[in-house]
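The following paragraphs walk through one structure, taking its sheet, its loops and its charged side chains in turn. Please keep the sequence and the coordinates open while reading.

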Amino acid sequence: MRDILTVSEHQEIFVSSKRDVEKNTISYEDRELLFDVIHRDRHNKERSIIATKGKNKIKASSIVGTVSLKT
């Protein structure tokens with residue numbers, strides 16, 4: 001079974017040693033994998049779907065949706 005994280009536009013996501021999607025928290029490993037997810041903007045420039053907001057937080061870009069996290 002996979003954990004599903006629902007992300008809203010510009011939402012902050014907490015990062016910890018353990019994942020708890022009910023508390024909007026992902027693991028450090030999850031964070032690194034999310035940085036590999038790229039989209040192309042309207043100018044065809046590659047962009048990450050997340051940005052760093054300090055050591056223990058990331059922020060979603062203007063892309064919204066759900067992410068299936070590996071177990």
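Is histidine 10 buried, partly exposed or exposed? The model is a predicted one, and in it the relative accessible area of histidine 10 is 42%. Buried would require a value under 20% and exposed a value over 50%, so histidine 10 is classed as partly exposed. Histidine 10 lies in the loop that runs between strand 1 (3-7) and strand 2 (12-16). Its backbone is also worth a look: phi of histidine 10 is near 60°, a positive value in a residue other than glycine.

A second residue with a positive phi is asparagine 24, which is not a glycine either and has a phi of about 60°. Asparagine 24 sits in the loop between strand 2 and strand 3 (25-27). Which class of accessibility does asparagine 24 fall into? Its relative accessible area is 16%, and because buried means under 20%, asparagine 24 counts as buried. Once neighbours within four places in sequence are set aside, the contacts of asparagine 24 are Leu5, Gln11, Glu12, Ile13 and Phe14.

Next comes the sheet. Four strands form an open sheet in the order 3-2-7-6, and their pairing is mixed. Why is one side of strand 3 and of strand 6 (50-52) left without a neighbour in the sheet? Both strands stand at the edges and each has a single partner strand, so one side of each has no neighbour there. On average, neighbouring strands of this sheet are turned by 35° against each other, with direction ignored. At one edge, strand 6 pairs with strand 7 (residues 57-60) in the antiparallel sense, over three bridges. Within strand 7, lysine 59 is the bridge partner of alanine 51.

The charged side chains remain. Side chains of opposite charge can pair when their charged atoms come close. How many salt bridges does a search of the whole structure find? The search finds seven.

One of them links arginine 31 and glutamate 32, whose closest N and O atoms are 3.2 Å apart. The two partners fall into separate accessibility classes: arginine 31 is buried at 17% relative accessibility, whereas glutamate 32 is partly exposed at 43%.

Another salt bridge brings together the side chains of arginine 40 and glutamate 46, at 3.1 Å from N to O. Arginine 40 has a relative accessible area of 48%. That value is not over 50%, so arginine 40 is classed as partly exposed.

A further salt bridge joins arginine 47 to aspartate 41, and here the closest N and O atoms are 3.0 Å apart. Arginine 47 is partly exposed, with a relative accessible area of 37%, while aspartate 41 counts as buried at 18% relative accessibility. Elsewhere, Asp3, Arg19 and Asp30 are joined into one network by salt bridges that share partners.

Methods. Residues numbered from 1 in each chain as written. Predicted model: local features only at pLDDT ≥ 70, side-chain atom pairs only at ≥ 80, totals over all residues. Heavy atoms only, no water. Helix = DSSP H or I, 4+ residues; strand = E, 2+ residues; numbered from the N terminus. Buried < 20%, exposed > 50% of the residue type's maximum accessible area, 1.4 Å probe, protein only. Salt bridge = Lys/Arg side-chain N within 4 Å of Asp/Glu carboxyl O. Contact = heavy atoms within 4.5 Å. Pairing = 2+ DSSP bridges. Axes fitted to C-alpha atoms, helices over the stretch in contact; angles between N-to-C directions.
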